[in-house]
Amino acid sequence: MKNRVSEILNTKYPLIQAPLNWLTDAEFVAAVSNAGGLGSFGPNAGRDSLEQDSMKVMREQIRKAQQLTNRPFAMTIGLNPQGEDQTYAHKILDNSLAENVNYFIIGGEPDEEIYRQIKASGAVLIARSYNPTPAEAQLQEHLGADLIVATGYDEGGVIPTKGNGTFTTIPRIVDAVSVPVLAAGGITDVRGVRAARALGAEGFYIGSRFIVTKENRTAENAKVKIISSTVEDMVLVAPQQRSIRNAKMDELAKRFADGDHDTFAETRKMGGTRTAMLEGKLEDGKISINTGIDLIQDQPSVAELVQRLMQDYQ
Ligand SMILES: Cc1cc2nc3c(=O)[nH]c(=O)nc-3n(C[C@H](O)[C@H](O)[C@H](O)COP(=O)(O)O)c2cc1C
């Protein structure tokens with residue numbers, strides 16, 4: 001069953017696998033695209049360490065994905081706050097366009113020049129605010145966004161600091177724009193898909209649930225940890241970050257609760273999602289996941305997960 005989102009994405013299903021820092025690579029992205037969703041490369045895709053040349057690895061990963069699938073996939077570009085330097089974003093964009101990528105997920109406040117260049121290339125632009133508001137969604141639409149992602153506080157990764165939940169964010173953004181809206185934040189099984197659809201979402205942007213799939217490169221012990229944990233095992237370690245507990249995260253959570261708001265930088269110094277999630281050093285870093293963690297109870301293949309989530313769109 002096609003709808004406006006799957007028409008725009010040229011996919012079987014109105015589903016985007018959301019970018020996951022360090023935790024995507026060509027095999028995984030291509031598996032999602034082959035299963036009927038839109039796979040997406042996140043930052044540090046296919047990279048094992050910061051020593052590797054990021055642009056070279058990115059080009060290799062794109063080429064590999066093109067060999068593994070003839071379906072579309074996306075590149076993610078996280079923008080710096082407006083007024084700050086966007087050189088790195090331009091580098092990713094130029095590199096990706098040179099490799100014939102024509103779907104872009106643009107995170108952050110819209111940047112006119114980046115939007116203009118993507119639209120001029122004929123590529124599809126998927127806009128995602130970090131703290132969605134109707135005004136920002138309308139600006140994204142005005143500047144040419146083809147699809148808008150409405151993200152709520154339930155999400156994994158860097159969470160919206162304003163704390164607005166998915167249930168209220170989706171209809172607020174749906175009412176503000178005429179382009180289709182994808183829901184993000186806490187969608188972990190078909191019940192979440194149905195709830196988001198009832199609120200007006202025409203597509204689904206899912207990150208956390210895809211981490212625990214056979215093709216995802218997350219360390220096996222981190223996947224097991226996610227399966228065996230519940231939301232009670234998670235702590236808020238910074239305004240924009242929650243993690244499964246370990247001694248280091250407990251300490252950060254205490255510092256945060258005591259008023260220290262620089263704790264996010266500490267999680268980055270610990271290697272972000274690379275240390276515990278990619279390298280499997282579970283005590284040395286964060287495990288970032290959504291509040292739907294209780295519903296992640298097994299490790300299906302990507303194709304099986306897509307079928308479960310998209311059972312109403314057959
Ligand atoms: C481990 C992890 C890493 C993430 N890394 C990024 C990232 O680098 N860039 C980005 O825009 N979003 C990132 N996200 C957010 C996701 O792309 C997406 O917005 C989110 O996962 C959707 O909510 P869900 O986790 O409830 O499905 C990350 C999420 C997780 C769980």
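**Why we call it that: a chat about strand 6, the ligand and two odd loops**

Modeller: Trp-22 counts as buried because its relative accessibility is 4%, and buried means under 20%. Keep in mind that this is a predicted model.

Colleague: Where is Trp-22 found?

Modeller: In the loop between strand 1 (15-17) and helix 2 (26-34).

Colleague: And what makes the phi of Trp-22 worth a remark?

Modeller: Most residues other than glycine have a negative phi. Trp-22 is not a glycine, yet its phi is positive, about 70°.

Colleague: Which loop holds Asn-100, and is Asn-100 buried or exposed?

Modeller: Asn-100 is in the loop between helix 4 (87-98) and strand 4 (103-107). Its relative accessible area is 58%, and the cut-off for exposed is over 50%, so Asn-100 is called exposed. Asn-100 has a positive phi too, about 65°, although it is not a glycine.

Colleague: On to strand 6. What makes you say that strand 6 is largely enclosed by the rest of the structure?

Modeller: The count does. Strand 6 covers residues 147-151, and 5 of the 5 are buried, so the strand is largely enclosed.

Colleague: How do you know that both faces of strand 6 are covered?

Modeller: In a regular strand the side chains alternate between the two faces of the sheet. Here Leu-147, Val-149 and Thr-151 are on one side, Ile-148 and Ala-150 are on the other, and all are buried.

Colleague: Take Thr-151 in strand 6. Why is Thr-151 called buried?

Modeller: Its relative accessibility is 0%, and the limit is under 20%, so Thr-151 counts as buried. Its side chain also makes a polar contact with the side chain of Arg-128, at 3.0 Å. A polar contact has to be within 3.5 Å, so that distance of 3.0 Å fits.

Colleague: How do you know that strand 5 and strand 6 pair?

Modeller: Pairing needs at least two bridges. Strand 5 (residues 124-128) is joined to strand 6 by 3 bridges, so they qualify, and they run parallel. Arg-128 stands opposite Val-149 in strand 6.

Colleague: What about strand 6 and strand 7?

Modeller: Strand 7 (residues 181-184) pairs with strand 6 over 4 bridges, again in the parallel sense. In strand 7, Ala-183 is the bridge partner of Ala-150. Between these two strands the chain passes through helix 7 (residues 166-176), a right-handed β-α-β crossover.

Colleague: Which elements make up the unit with strand 5?

Modeller: Strand 5, helix 6 (residues 134-142) and strand 6, and that β-α-β unit is right-handed as well.

Colleague: Now the ligand. How many residues surround the ligand?

Modeller: There are 21, and the closest are Pro-19, Gly-186, Gly-207, Ser-208 and Asn-290. By class, the shell has 9 nonpolar, 10 polar and 2 charged residues.

Colleague: What makes Glu-155 a polar contact of the ligand?

Modeller: An N or O atom in the side chain of Glu-155 is 2.8 Å from an oxygen atom of the ligand. The cut-off is within 3.5 Å, so the pair counts. A polar backbone atom of Gly-156 lies 3.0 Å from a ligand oxygen atom, and a backbone N or O atom of Asn-21 is 2.9 Å from a ligand nitrogen atom.

Colleague: How much of the ligand's accessible area does the protein cover?

Modeller: 93% of the 600 Å² that the ligand has on its own. Strand 8 (203-206), helix 9 (208-211) and helix 13 (273-278) are the elements that give two or more residues to the shell.

Conventions. Residues numbered from 1 in each chain as written. Predicted model: local features only at pLDDT ≥ 70, side-chain atom pairs only at ≥ 80, totals over all residues. Heavy atoms only, no water. Buried < 20%, exposed > 50% of the residue type's maximum accessible area, 1.4 Å probe, protein only. Right-handed = clockwise from strand over helix to strand, strands pointing away. Near = heavy atom within 4 Å. Polar contact = N/O pair within 3.5 Å; in protein donor to acceptor, adjacent residues only side chain to side chain. Areas by Shrake-Rupley, 256 points an atom, 1.4 Å probe, with all protein chains shown as cover. Nonpolar A, V, L, I, M, F, W, Y, C, P; charged D, E, K, R; others polar.
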